[in-house]
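Welcome, and thank you for taking a look. Please open the sequence and the 3D view side by side, and we will walk through them together.

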Amino acid sequence: MALRALLTKRAPTLASGLGPFASAGGSGTGWQGLCHARGLKVAALPDLEYDYGALAPAISGEIMRLHHQKHHKAYVSNYNDALEKLDAAMAKGDVAAVVRLQSAIKFNGGGHINHTIFWKNLKPVNEGGGEPPHATLGWAIDTDFGSLEALVQKMNAEGAALQGSGWVWLALEKERKKLLVETTANQDPLVTKGANLVPLLGIDVWEHAYYLQYKNVKPDYLKNIWKVMNWKYASEVYDSEAA
Amino acid sequence: MQHQTLSCCGGVRASSPPPLSFRWSKIKREGGRRLPRCARIAAHLELKPPPYSLSSLEPHMSRETLDYHWGRHHRAHVASLNNLIAGTDLDGMGLDEIVVASYNKGNPLPPFVHAAQVWNHDFFWQSIKPGGGGRPSGRLMELIERDFGSFDRMLEEFERAALTHFGSGWAWLVYTANRLDVGNAVNPCPSEKDNKLVVLKSPNAVNPIVWDYSPLLAIDVWEHAYYLDYENRRADYVSIFLEKLVSWEVVSDRLDVAIERAAERAREDETRRLEDDAEITHSEAVEMYLDSDADDSEAE
């Protein structure tokens, strides 16, 4: 259902606001809406709310540029291609093609979902990046992990131990209102680990997210990314989802 | 100790289920049975250098890439592997054996990632050379034409595998000469084409020897393999690899070894089959049981 907010007509970019997951509350009609509308709704590359160089020195401008303009853009266009093929296959009733397209849709659609969250998870230091969470989310972190430091340590350890490409997440399990750390492989979005998991923060541990700057030293990347973490975004999602 | 679960290979290790570490701990030797320390040091696996200087693949693969890829990534896997296997039953085995044993029939143990990545990287460095590329000849070319239609079609398929792999991993050209690992199964009509060349891809560290294939060529499509030279342009890296770097001589030599190994196994199978036949002829008639209950229930 959250997908619906990510889908938009080809031309305009997604309005900024609270981001794609803020409106993810109960509608549940996203996919149906997509199927019924013959004018296919495709995904669009969102704009960043800061300059490519604004996260340096934690993340270099060159990494941000390639990551957004090349990697994320490729996920969007490959997802849209697959979606158009899917539309044609469904119109023809070509079951084999519908099934064959699933892996490309999952990978590229997942890449689009994950990166859209990732950009919102980051914020330049002079705009409040790295400022720790207060109030409800801060208390929830203390309750579930002991302290913010313990959470950071856990996410860094799981991110460093992840073999291959993937993501490490701070997740909210909606029903129990409990915070969890999860990892997903490749571009699997968090929802593949549980339908009621809401992503508050996602850290990209694909090599393309850090290699030009940190090379093989992934732990340094993980240590530094917290300096530009947008806890305000995570808190807003937490408050709207855990309310 | 062996487990039947066929989980997705080489997945995310951070969330390994508890039973895995339990079985792994069982493999570790009891304190009393430890080998003397010097024996374990002697069994340490070494970091093999590429068979050419680190700058000699330029401009197609930079010295800087080799410094990191071989000098850091490959080296780290060797160190982690030695660390993890010290004092376990894997210590002292050959690298091939460690890869297959630690794959644990699709439920990999912690050393697998490192063992397989050491194997893969050794193999990768040997697969390329300064002034590589061109076209193969001889038996390799004949089999490529037989199994893919043409050399160009094989290249296309290899490139497609490398480009469509979602995430970190490897693309391979392998020679398959599988035997059914089922005691009494016999291929009803064996033919020369059962042993053939195939292109495949594998996630993360996974290596086709765990499926009993003979690898002939590998390309590393982890981003660290090409990011410093080609950034996000994996397609450029893959085509340069095939046009300028592959050593078809090495691939050809590997094919000869793989064919010889398959022939040796076929001879062993034949010998065993003849022995089994002889045994059956000499043994008593087999008693047969009929399940009368089943017949009754079906008649109702």
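Let us begin in chain B of this predicted model, with an open sheet of 3 strands in the order β2-β1-β3, paired in the antiparallel sense. The strands at the edges are β2, residues 196–203, and β3, residues 214–220, and each of these pairs on one side only. On average, neighbouring strands in this sheet are turned by 20 degrees against each other, direction ignored.

Now follow the strand between those edges. Strand β1 of chain B covers residues 169–176 and pairs with β2(B) over 8 antiparallel bridges. With β3(B), β1(B) forms 6 bridges, again in the antiparallel sense. You can pick out single partners along the way: B:Trp172 has B:Leu200 as its bridge partner in β2(B), and B:Tyr175 stands opposite B:Leu197 in β2(B). B:Tyr175 also has a bridge partner in β3(B), namely B:Ser214. How many residues of β1(B) are buried? The count is 7 of the 8, so β1(B) is largely enclosed by the rest of the structure. If you are looking at side chains here, it helps to know that in a regular strand they alternate between the two faces of the sheet.

Next, look at the helices that meet this sheet. Helix α7 of chain B, residues 151–164, lies across β1, β2 and β3 of chain B and runs at about 10 degrees to β2(B). Helix α5 of chain B, residues 111–127, packs on the sheet too, touching β1 and β3 of chain B. The direction of α5(B) makes about 85 degrees with that of β3(B).

Stay with α5(B) for a moment, and try a little check on its length. At 1.5 Å a residue, its 17 residues should span 24 Å, and its end C-alpha atoms are 24 Å apart, which agrees. This helix is also mostly covered, with 15 of its 17 residues buried.

One helix that packs against α5(B) is α4(B), residues 95–103; the angle is about 145 degrees and the axes are 9 Å apart. The crossing of α4(B) past α5(B) is left-handed. On the α4(B) side the contact uses B:Leu95, B:Ile98, B:Val99, B:Ser102 and B:Tyr103. Facing them from α5(B) are residues including B:Pro111, B:Phe112, B:Ala115 and B:Trp119. By class, this contact has 10 nonpolar residues, 1 polar and no charged. As you trace such a list, remember that an α-helix has 3.6 residues a turn, so residues three or four places apart point the same way.

Back at α7(B), there is another helix pair to see. Helix α9 of chain B, residues 234–245, packs with α7(B) at an angle of about 145 degrees, with the axes 10 Å apart. Here the crossing of α7(B) past α9(B) is right-handed. From α7(B), B:Leu155, B:Phe158, B:Glu159, B:Ala162 and B:Leu163 take part, and they meet B:Arg234, B:Ala235, B:Val238, B:Ser239 and B:Leu242 in α9(B). The residues of this contact divide into 7 nonpolar, 1 polar and 2 charged.

Where does chain B meet its partner? In all, 22 residues of chain B are in contact with 22 residues of chain A. Helix α3 of chain B, residues 63–85, gives the largest share of the side of chain B that touches chain A, with 3 residues. That side of chain B is made of 9 nonpolar, 9 polar and 4 charged residues.

Crossing over to chain A, you will find 10 helices and 5 strands. Of its 243 residues, 37% count as buried. Among contacts in chain A between residues at least 6 apart in sequence, 69% join residues at least 24 apart.

Chain A has an open sheet of 3 strands too, in the order β4-β3-β5 with antiparallel pairing. At its edges stand β4 (178–185) and β5 (197–204) of chain A, each with a single partner strand, so one side of each is left without a neighbour in the sheet. Neighbouring strands are turned by 25 degrees against each other on average, direction ignored. Strand β3 of chain A, residues 166–173, runs antiparallel to β4(A) and is joined to it by 8 bridges. In this pairing, A:Trp169 stands opposite A:Glu182 in β4(A). Finally, helix α10 of chain A, residues 231–242, packs on the sheet, touching β3 and β5 of chain A, and its direction makes about 165 degrees with that of β5(A).

Conventions. Residues numbered from 1 in each chain as written. Chains lettered and ligands numbered in written order. Predicted model: local features only at pLDDT ≥ 70, side-chain atom pairs only at ≥ 80, totals over all residues. Pairing = 2+ DSSP bridges. Helix = DSSP H or I, 4+ residues; strand = E, 2+ residues; numbered from the N terminus. Axes fitted to C-alpha atoms, helices over the stretch in contact; angles between N-to-C directions. Contact = placed C-beta atoms within 7 Å. Nonpolar A, V, L, I, M, F, W, Y, C, P; charged D, E, K, R; others polar. Expected span 1.5 Å × (residues − 1). Buried ≥ 20, exposed ≤ 12 C-beta atoms within 10 Å, placed from the backbone. Left-handed = near helix turned anticlockwise from the far one by under 90°.
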